[in-house]
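Student: I am new to this structure. Please take me through one part of it closely.

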Amino acid sequence: MPIDSRLPNFRSLSPSQRLDHLQQLLGLSAADADLLRGAGALPLAIADGMIENVIGTFELPYAVASNFQINGRDVLIPLVVEEPSVVAAASFMAKLTRHSGGFQTSSSAPLMRAQVQIVGVSDPFNARLSLLRHKDEIIAQANSKDQLLIKLGGGCRDIEVHTFADSPRGPMLVAHLIVDVRDAMGANTVNTMAEAVAPLMERLTGGKVRLRILSNLADLRLSRAQLRIAPEHLATAAYSGEEVIEGIIDAYTFAVIDPYRAATHNKGIMNGIDPLVVATGNDWRAVEAGAHAYACRNGHYGSLTTWEKDSAGHLVGTLEMPMPLGLVGGATKTHPLAQLSLRILGVQTAQELGKLPWPWAWRRTSAPCAPWPLKASSADIWPCMRATSRCRPAPAVRSWTGWSSAWLRAMTCALTGPPSCYLKSAGNNRGRCATGGSRRARRPAK
C-alpha cells in the first residue's frame with residue numbers, strides 16, 4: 001500500500017502518539033505496536049539462543065526517518081542508533097531530494113566470495129590452471145552441499161584463482177568461490193562450500209589447504225544510489241545555493257586526497273548506514289569492514305561518495321559500495337524487532353533491502369563551517385595522496401600476480417616537491433559547507 005513518508009509535525013508528537021500514527025499509516029498489527037510500545041521486545045530466552053553467556057539485554061532508541069522517496073516509492077526508514085542528529089539529518093536530506101524525484105538506487109546480484117587458501121605449491125601458475133580446468137567439477141562439489149539454495153535459484157556460479165608466487169610464506173594460491181546466496185547474508189553458506197571443495201583442491205594442486213572462509217569484501221554485491229539537488233533548494237540566509245554546492249564539492253575533494261579527512265567523511269557515511277543494518281538484524285561489522293576496504297580499492301584510502309555538478313549546475317551525489325545484507329538467518333530471523341523493521345520497509349528480497357541503506361550516506365550537509373585555506377598537515381605523512389605527490393612502486397618485495405596486483409601491490413612514495421593541499425587560494429577565507437563528516441546538523445526533521 002503506498003504511503004506518504006513526509007510525516008508533518010511528527011517531531012512535536014509524543015512517542016506514544018507517533019506510534020499510534022505509524023500504526024494507522026502502515027497498517028501495523030496490535031502485536032507489532034506492542035513490540036515498540038513497551039520495554040523488553042527481545043525476550044531473554046531468545047537472547048540466550050543468539051549468543052553465549054547471556055545475562056540480560058541492552059536497549060537502544062528505535063526511530064523512523066521520514067521524507068524518503070526511493071525509486072519513486074515513499075518509504076519510512078527504521079533506524080536504531082544512540083547518536084543525536086542522525087535521524088533528523090537523514091530526514092532533512094531526504095526532504096531536499098524530493099524536489100528532484102528522491103533517490104535512484106540499484107544493486108547487483110547477491111554474490112559473495114569464499115576464499116580457499118592453498119600453501120605448499122611448488123608450481124603455482126600451473127596449479128592455477130589446473131583448478132580452472134576443473135572448474136565445473138569444483139562448482140558441482142560446492143553446490144552438492146546446499147540443495148535448497150539451488151532450488152531457490154542460487155548456488156556457486158564461478159571460481160577465480162589468485163596467484164601469489166612470492167609471498168613471505170612462499171608460493172600461495174587463493175581460490176575464490178563466487179556464490180549467489182539469494183536472500184541470505186551468505187556467511188554460513190559460502191563457508192560450508194569452501195570446506196566441501198578443500199580436499200578436491202588439494203588433490204588438483206598438490207598443496208595444503210589452510211583457511212576456508214568468506215571474504216567480507218563483497219565487491220561483487222554492490223548497491224548504488226544517485227541524487228540530484230538544484231541550487232535553489234540548498235540556499236541559506238548566508239549563502240547562495242551555488243556557493244553551498246561549491247563548498248560541498250571542495251569538502252568532498254578534501255576527503256579524496258587526505259585519508260585523515262576520508263576516515264571522518266566515511267564515518268559520517270556509515271553513521272547513516274549502520275542504524276538500518278542494526279534495525280534489520282544484519283551484521284553491521286561486516287558492512288563496515290567491507291566498506292572501508294572498498295574505499296582503498298584505488299590504492300589509497302579515500303571517499304566512498306562522489307560529488308559533482310551536472311551541466312545544469314545541480315549538485316549530483318553518487319555512491320557505490322558493498323552491501324551484504326540478508327533477510328533470512330541470524331538475528332534478522334530471530335529478533336522480533338528486526339522482523340518488524342522488514343515489514344515497515346516493505347521489502348521482499350535481500351536485493352531490495354540492499355537498495356535502501358544508501359540514501360542515509362548523504363545526511364552530512366552541515367552548515368558553512370570550515371575555514372579556508374585548508375592546511376596540508378597530512379601530506380608529509382601520507383605522500384601517496386595523488387593531488388600532492390607522485391608515487392613510484394617500491395622495490396619488489398612481493399611479486400603479486402593476477403587480479404590482486406593492481407589493487408594490493410605495496411607502494412612507497414617520494415615527494416617530488418613541497419606538499420600543497422590547498423583546495424582554495426590563500427586569499428579565500430570564507431567558510432564552506434562540510435559534507436561527510438561528524439559535525440551535527442542543527443535542522444530538525446520536518
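Tutor: Here is a look at one sheet and then at the largest cavity. The model is predicted, so I should give its cut-offs: local features need pLDDT of at least 70, side-chain atom pairs count only at pLDDT 80 or more, and totals for chains, interfaces and linings use all residues. Residues are numbered from 1 along each chain as its sequence is written, and side-chain values use heavy atoms, without hydrogens and water.

Start with the sheet. Four strands form an open sheet in the order 3-8-10-9, with antiparallel pairing. Strands are DSSP runs of E, at least two residues, and helices are runs of H or I, at least four, numbered from the N terminus. Two strands pair if DSSP finds at least two bridges between them. Strand 3 (104-107) and strand 9 (305-309) stand at the edges with a single partner strand each, so one side of each has no neighbour in the sheet.

Now follow strand 3 inward. Four bridges join strand 3 to strand 8 (residues 222-229). Ser-107 stands opposite Ser-223 in strand 8.

Both serines also line the largest cavity. A cavity is a set of points, on a 1 Å grid over the protein atoms alone, where a 1.4 Å probe fits but cannot get out; lining residues have an atom within 4 Å of a point. Helix 14 (350-354) gives the largest share of the lining, three residues. The lining divides into four nonpolar, five polar and one charged, where Ala, Val, Leu, Ile, Met, Phe, Trp, Tyr, Cys and Pro count as nonpolar, Asp, Glu, Lys and Arg as charged, and the others as polar.

Key: 1 Å grid on protein atoms, 1.4 Å probe; cavity = no way out; pocket = protein on both sides within 12 Å on 5 of 7 lines; lining within 4 Å.
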